[in-house]
Each structure stands twice: as C-alpha cells, then as structure tokens.
Amino acid sequence: MEIWVNPACAKCRSAVSMLDEAGAEYTVRKYLEEPPTAKELKAVLKRLGLEPWEITRTAEAIAKELGLKTWGRTPADRDRWIEALVTHPKLIQRPIITADDGTTVVGRTPEAVQSVLPG
C-alpha cells in the first residue's frame with residue numbers, strides 16, 4: 001500500500017494514524033517532494049475511476065493563477081489537466097491511498113481510509 005501525503009495536511013496525518021492503528025503496511029510518498037509522473041497519475045486516475053479535474057484542488061492560489069475553473073472538462077482536455085497536476089502537485093487532492101489489491105481512494109474521510117484496510 002502507498003499513501004501520497006503532504007505532511008502539513010491534517011487529513012493526511014489522520015489517514016496515516018488510521019493506517020498505523022490498523023497495523024497496515026504502507027509506504028509514504030511525500031508527493032510535493034516526489035511528484036507523480038504523468039504515467040503514474042494516469043494509472044491512479046484509472047484506479048480511482050476519476051478524471052483529473054475531479055482530484056484537483058481548485059481553491060489553491062496556483063489554480064486561480066492558471067484559471068483552472070475556466071478549463072474544459074472533456075476527454076480532449078484531460079492531458080492539459082494531468083500536465084497541470086504533474087507540474088503543480090499541490091493541486092492534487094490528498095491523501096491518495098493505493099492498496100495492493102488495486103483499491104485506490106482519496107482518503108479525505110475515515111470511511112474512505114477504512115475501505116482500503118485489510119481484513
């Protein structure tokens with residue numbers, strides 16, 4: 001299992017605590033320091049069943065600078081969004097947890113985190 005975190009994020013810290021309490025084995029990826037590649041992000045999006053704009057933090061200052069709220073949200077726009085997330089990883093919703101069984105969630109709620117715990 002891998003969890004993408006920003007250590008300054010309370011929801012990330014909460015998710016890590018839940019994984020620890022459950023005795024889960026996982027790897028922490030500080031995605032601001034080690035941003036995902038476009039290929040990795042596409043794989044995670046496929047596992048999530050989401051589009052890039054659905055995991056974008058549009059309230060971030062950089063999102064406003066880029067004008068993301070005005071960007072198209074069609075298959076033709078997908079690569080542009082992915083490039084923005086790869087270039088500006090702060091825009092990615094967090095934490096994202098990828099479990100070994102293929103289950104992947106944006107762990108913003110305790111229920112989402114629970115859904116990837118073994119057993």
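Colleague: How many bridges join strand β1 to strand β2?
Modeller: In this predicted model, strand β1 covers residues 2–5 and strand β2 covers residues 27–30. The two strands run parallel, and one of their pairings sets I3 opposite V28 of β2. The number of bridges that join β1 to β2 is four.

Colleague: Which helix makes a β-α-β unit with β1 and β2?
Modeller: Strands β1 and β2 run parallel. Together with a helix at residues 10–21, they make a β-α-β unit that is right-handed. The helix of this unit is α1.

Colleague: Which residue of β3 is the bridge partner of E2?
Modeller: Strand β1 is also joined to strand β3, residues 96–98, by three bridges. These two strands run antiparallel. In β3, the bridge partner of E2 is T98.

Colleague: Which residue of β4 does I97 stand opposite?
Modeller: Strands β3 and β4 pair over three bridges. Their pairing is antiparallel. In β4, the residue opposite I97 is V105.

Colleague: What is the order of the strands in the open sheet?
Modeller: The sheet is open, has four strands and shows mixed pairing: β1 runs parallel to β2, whereas β1 and β3 run antiparallel. The edge strands, each pairing on one side only, are β2 and β4 (104–106). Neighbouring strands are turned against each other by 15° on average, direction ignored. The order is β2-β1-β3-β4.

Colleague: What angle does the direction of α1 make with that of β1?
Modeller: Helix α1 packs on the sheet. There α1 touches β1 and β3. The angle between the directions of α1 and β1 is about 160°.

Colleague: At what angle to β4 does α2 run?
Modeller: Helix α2 covers residues 38–48. This helix lies across β1, β2, β3 and β4. Relative to β4, α2 runs at about 95°.

Colleague: Is α2 roughly parallel or roughly perpendicular to α4?
Modeller: The axes of α2 and α4 (residues 78–87) come within 10 Å and cross at roughly 115°. Angles of 65 to 115 degrees count as roughly perpendicular. Therefore the relation of α2 to α4 is roughly perpendicular.

Colleague: How many residues of the contact of α2 with α4 are charged?
Modeller: In a right-handed crossing, α2 passes α4. Helix α2 contributes A38, L41, K42 and L45, while α4 contributes R78, D79, I82, L85 and V86. Of these residues, six are nonpolar and none is polar. The number of charged residues is three.

Key: Residues are numbered from 1 along each chain as its sequence is written. This is a predicted model: local features need pLDDT of at least 70, side-chain atom pairs count only at pLDDT 80 or more; totals for chains, interfaces and linings use all residues. Side-chain values use heavy atoms; hydrogens and water are left out. Axes are lines fitted to C-alpha atoms, for helices over the stretch in contact, and angles run from 0 to 180 degrees between N-to-C directions. Angles under 35 degrees count as roughly parallel, over 145 as roughly antiparallel, 65 to 115 as roughly perpendicular and the rest as oblique. A crossing is left-handed if the near helix is turned anticlockwise from the far one by less than a right angle, and right-handed if clockwise. Contact means heavy atoms within 4.5 Å. Ala, Val, Leu, Ile, Met, Phe, Trp, Tyr, Cys and Pro count as nonpolar, Asp, Glu, Lys and Arg as charged, and the others, Gly among them, as polar. Two strands pair if DSSP finds at least two bridges between them. A crossover is right-handed if, with the strands pointing away from the viewer, the path from the first strand over the helix to the second runs clockwise.
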